[in-house]
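Reader: I am new to this structure and would like to be walked through it step by step. Could you show it to me, and then take my questions in turn?

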Amino acid sequence: MGIRMLVIEDEDQIADFLVRGLREEGYIVERAATGEEGWHHLKTGNWDIVLLDWWLPGTDGLTLLKRFRQAGNSTPVLFLTARDAVSDRVRGLDGGADDYLCKPFSFEELIARVRVMVRRQQNAPNHELHVDDIIVNLATHRVERSGQRVELTAKEYSLLVFFMRHPGEVLSRTRIYEQVWDERYDGLSNTLEVHVMELRRKLEAHGSRLIHTLRNQGYRFGTLAGESA
């Protein structure tokens with residue numbers, strides 16, 4: 001899917017349930033367990049949807065949400081909380097939440113609400129990624145280079161989306177592997193290299209090299225002079 005979600009939840013059992021279930025649905029998911037950790041992820045990450053608990057160690061969820069909105073970020077946020085009073089729902093929505101789901105909740109309802117948020121994003125004007133001569137439509141998953149369609153596997157698509165969300169950055173193998181595969185990188189697997197090689201082959205059928213290998217560092221995406229492949 002290429003949809004990146006941040007779960008900010010301090011209860012391990014609930015967080016594990018959410019992360020596991022969302023990953024099984026095909027989403028790329030990370031978790032933060034405290035207000036401070038959540039704020040760090042919100043500031044430094046590039047998220048499509050945020051699932052946010054109200055009660056958190058340190059900074060509470062409502063404060064995080066208000067700070068997030070004051071920083072000018074419009075990423076959809078779904079509040080997950082045991083606070084079910086009408087006044088609390090109003091505070092959460094007025095504070096910047098796009099939706100509000102009270103605990104305990106069914107996973108089916110959560111997924112349905114997530115799908116609604118995804119559809120809203122995909123129908124928004126910024127549903128495309130553009131880097132150099134590559135266009136990725138996040139709604140249809142159509143990939144084009146120089147006007148020519150590029151057929152990718154699901155994992156190649158997720159890898160390309162990750163690269164395109166971080167153009168010009170030095171991306172370590174560990175970071176790419178853990179973000180795209182949702183697994184820890186053991187330093188031995190060549191899975192990433194194999195997918196990069198195939199993705200390069202397909203992209204370079206319609207243009208110059210954009211995925212550059214940096215020795216002992218990882219990869220960088222974009223048109224760069226003097227980088228070795």
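Author: Before the questions, one definition is needed: a residue is called buried when its relative accessible area is under 20%. Please also keep in mind that this is a predicted model.

Reader: Is H212 buried or exposed?

Author: H212 belongs to strand β10, which covers residues 211-214. Its relative accessibility is 5%, and since the cut-off for a buried residue is under 20%, H212 counts as buried.

Reader: Which residue has its backbone oxygen 3.5 Å from a polar atom of the H212 side chain?

Author: The side chain of H212, a residue placed in strand β10, has a polar atom that takes part in this pair. At a distance of 3.5 Å from that atom lies a backbone oxygen, and the residue that carries this oxygen is R209.

Reader: Which strands stand at the edges of the open sheet of 5 strands?

Author: The pairing in this sheet is parallel, and the order of the strands is β2-β1-β3-β4-β5. From one strand to the next, the twist averages 20°. Two of the strands have a single partner each, so one side of each is left without a neighbour in the sheet, and these edge strands are β2 (28-32) and β5 (99-102).

Reader: Which residue of β3 stands opposite M5?

Author: Strand β1, with residues 4-8, and strand β3, with residues 49-53, pair in the parallel sense, and 4 bridges join them. Within β3, the residue that stands opposite M5 is I49.

Reader: Which residues does G2 touch, leaving aside those up to four places away in sequence?

Author: G2 sits in the segment before β1, and with a relative accessible area of 2% it is buried. Its C-alpha is 8.8 Å from that of H141, although the two residues are 139 residues apart in sequence. Leaving aside residues up to four places away in sequence, G2 touches I28, D48, Y157, S158, V161 and R165.

Reader: How is the open sheet of 4 strands ordered, and which strands stand at its edges?

Author: The pairing in this sheet is antiparallel, and its order is β6-β7-β8-β9. The strands at the edges each have a single partner strand, so one side of each is left without a neighbour in the sheet, and they are β6 (128-131) and β9 (148-149).

Reader: Which residue in the turn between β6 and β7 has a positive phi?

Author: β6 and strand β7, which holds residues 134-137, pair in the antiparallel sense over 4 bridges. Across this pairing, H130 stands opposite I135, while V131 has I134 as its bridge partner. The two strands form a hairpin with 2 residues between them, and the turn residue whose phi is positive, at about 55°, is D132.

Reader: Which residue of β8 stands opposite V136?

Author: β7 and β8 run antiparallel and are joined by 3 bridges. In β8, the residue opposite V136 is V143.

Reader: At about what angle does α6 run to β7?

Author: Helix α6 lies across three strands, namely β6, β7 and β8 (143-145). Taken against β7, the angle at which α6 runs is about 115°.

Reader: How are α6 and α8 oriented to each other, roughly?

Author: The axes of these two helices come within 10 Å and cross at roughly 80°. In the contact, K155, E156, L159, L160 and F163 of α6 meet L192, H195, V196, E198, L199, K202 and L203 of α8, and the residues divide into 7 nonpolar, 1 polar and 4 charged. Angles of 65 to 115 degrees count as roughly perpendicular, so α6 and α8 are roughly perpendicular.

Reader: Which residues make the contact between α7 and α8?

Author: Helix α7 (residues 173-180) and helix α8 (residues 191-204) pack at about 85°, their axes being 10 Å apart, and they are therefore roughly perpendicular to each other. By class, the contact has 3 nonpolar, 1 polar and 2 charged residues. They are R173, I176 and Y177 of α7, together with T191, L192 and E193 of α8.

Reader: Which elements do the buried residues of α7 pack against?

Author: The buried residues of α7 are I176, Y177, Q179 and V180. The elements that they pack against are β1, β2, α6 (154-165), α8 and β11 (218-221).

Notes: Residues are numbered from 1 along each chain as its sequence is written. This is a predicted model: local features need pLDDT of at least 70, side-chain atom pairs count only at pLDDT 80 or more; totals for chains, interfaces and linings use all residues. Side-chain values use heavy atoms; hydrogens and water are left out. Axes are lines fitted to C-alpha atoms, for helices over the stretch in contact, and angles run from 0 to 180 degrees between N-to-C directions. Angles under 35 degrees count as roughly parallel, over 145 as roughly antiparallel, 65 to 115 as roughly perpendicular and the rest as oblique. Contact means heavy atoms within 4.5 Å. Ala, Val, Leu, Ile, Met, Phe, Trp, Tyr, Cys and Pro count as nonpolar, Asp, Glu, Lys and Arg as charged, and the others, Gly among them, as polar. Two strands pair if DSSP finds at least two bridges between them. Buried means under 20% relative accessible area, exposed over 50%, partly exposed in between (1.4 Å probe, protein chains only). A polar contact is a pair of N or O atoms within 3.5 Å; within protein, one must be able to donate a hydrogen and the other to accept it, and residues adjacent in sequence count only if both atoms are side-chain atoms.
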